[in-house]
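Me: I would like to learn how to read contacts and pockets in a model of this kind. Could we go through them one at a time?

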There are 2 protein chains.
Amino acid sequence: MARAASTKGPTRIQREKTEAILEAALEVFATYGFRGSTLDQIAAQSGISKPNILYYFDGKETIHAELLARLLETWLEPLEHMSDKGDPVEEICAYVARKLAMSRDYPRQSRLFANEVLQGAPRILDELAGPLKALTDEKAALIQGWIDAGLIKAIDPYHLIFSIWSTTQHYADFDVQVRTVLADKADDRFKKAAAFLDTMYRATLTP
Amino acid sequence: MARAASTKGPTRIQREKTEAILEAALEVFATYGFRGSTLDQIAAQSGISKPNILYYFDGKETIHAELLARLLETWLEPLEHMSDKGDPVEEICAYVARKLAMSRDYPRQSRLFANEVLQGAPRILDELAGPLKALTDEKAALIQGWIDAGLIKAIDPYHLIFSIWSTTQHYADFDVQVRTVLADKADDRFKKAAAFLDTMYRATLTP
DNA sequence: CATAGTTTTGACCATATGGTCAGAAAATAC
DNA sequence: GTATTTTCTGACCATATGGTCAAAACTATG
């Protein structure tokens, strides 16, 4: 059996294979969603046979759950960084830039999340209602504090955060559309997007 | 056989059943995407037996194609309305409002589209590269004209349009997340969103 | 109501899919 | 090298799924 000895950690092979499986599964689940993905696709993508995949993971569900768990660890991080130390406008714009960079560097994670939420977030709702809501409430309160202090314009903090999530994730989730519409101008889309979003949020926030 | 007499139009039953099937299919495809949806789900949702569904449509693919075709007819309409007749800021803000209203009134269509694009737009890429790109190019040029005339601030027209698409569709595609984060404050989310977006785009555009 | 045309269904099929298992192959321990 | 443990695979299974078909049920029309 895999899922290894509690005394000694996982073997090298266990680490390598589970990583390879998760890497392939991310590719597949991010593209087709949970129901639309098959173990055979993950097997083909990873070059690991289906029974061997099931030697390392209890089943399709377990692989997906592991990916979501890892995702959420890093997903909230950029927002956590937003603090009351710096200038409010700079803090928010830096958050926008970090979030956009994540869409550029981890588009599959973004799509995995998008697929899950689009389908009603059946396996992640608790995380949304728990950690995500808690963090959002906290940061919304921080933004409200800035507004009350007259440091930024009066806008709804929650919808500001929603707009940041949507505009930045759009470049990962709708990448095909963005590239198709931009056609030959698509190469520097992330640079242009960064510039546009910076301009927009400065205009929106600067009192 | 259904798919009816070319002389006489479709019968009442044909119209009712095809509509019922498409209505149910929209519900299912919007939630699970093409690959994740099954004819049995559509059958259960519509109360029409699977063989009977296949009497009206050639197959799963055909139903999906019909939905996408109908979707695109109406999807581009709000943007088409944006004209050079009125004040630029008002024209763009009106477009934002119309697009947000579509997320509120037709969330399933938005999710159907999102699922399709998320999965690489395999059955809709031509429409993106054709009509959608053409319309976007046209309206981007219109916006650029306003910029050149000094009527709005200098921003990238394409990324402005992307931001409008993403912020408005977010309220349909990520509805679960929005409602979860807002919790008891979720009821007037569309009103609040409209106000926020209006404020943001006025700040972004007004010279 | 009888007939022709339309609509619906139960039974069925081929393939896909998630998953199991006994044993082979490979790695590790001694 | 041999014994032991870990890793891997081919063959297999039960169920799900897209789709077919002949015949039954229904509807409209003369």
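Me: Which atom of DNA strand D lies 2.9 Å from a polar backbone atom of Lys60(B)?

Reply: Bear in mind that this is a predicted model. With a polar contact, one asks which two atoms form the pair, and for Lys60(B) the partner of its polar backbone atom is a phosphate oxygen of DNA strand D, 2.9 Å away. Leu39(B) likewise uses a backbone N or O atom, which lies 2.7 Å from a phosphate oxygen of the strand, whereas Lys50(B) places an N or O atom of its side chain 2.9 Å from a base nitrogen.

Me: How many residues surround DNA strand D, and which are the closest?

Reply: A residue counts here if one of its heavy atoms lies within 4 Å of the strand. There are 19 such residues, and the closest are Thr11(A), Gln14(A), Lys17(A), Tyr56(A) and Leu39(B). Of the DNA strand D atoms that come within 4 Å of the protein, 60% belong to sugar and phosphate. By class, this surface comprises seven nonpolar, seven polar and five charged residues.

Me: Which residues are closest to the centre of the largest pocket, and which helix gives the most to its lining?

Reply: One reads a pocket by its volume and then by its lining. The largest pocket has a volume of about 340 Å³, and of its 18 lining residues, Arg70(B), Leu71(B), Thr74(B), Tyr106(B) and Gln109(B) are closest to the centre. The helix α4(B) gives the most, with five residues, and the lining as a whole divides into nine nonpolar, three polar and six charged residues. Domain 1 (3-58) and domain 2 (70-205) of chain B each supply at least three of the lining residues.

Notes: Residues are numbered from 1 along each chain as its sequence is written. Chains are lettered from A and ligands numbered from 1 in the order in which they are written. This is a predicted model: local features need pLDDT of at least 70, side-chain atom pairs count only at pLDDT 80 or more; totals for chains, interfaces and linings use all residues. Side-chain values use heavy atoms; hydrogens and water are left out. On a 1 Å grid over the protein atoms alone, a cavity is a set of points where a 1.4 Å probe fits but cannot get out, and a pocket is an open set with protein on both sides within 12 Å along at least five of seven lines; lining residues have an atom within 4 Å of a point. Grid points are joined across faces, edges and corners, and a volume is the space filled by probe spheres set on the points. Helices (H or I, at least four residues) and strands (E, at least two) are DSSP runs, numbered from the N terminus. Ala, Val, Leu, Ile, Met, Phe, Trp, Tyr, Cys and Pro count as nonpolar, Asp, Glu, Lys and Arg as charged, and the others, Gly among them, as polar. Domain bounds come from an automatic or database domain assignment. A polar contact is a pair of N or O atoms within 3.5 Å; within protein, one must be able to donate a hydrogen and the other to accept it, and residues adjacent in sequence count only if both atoms are side-chain atoms.
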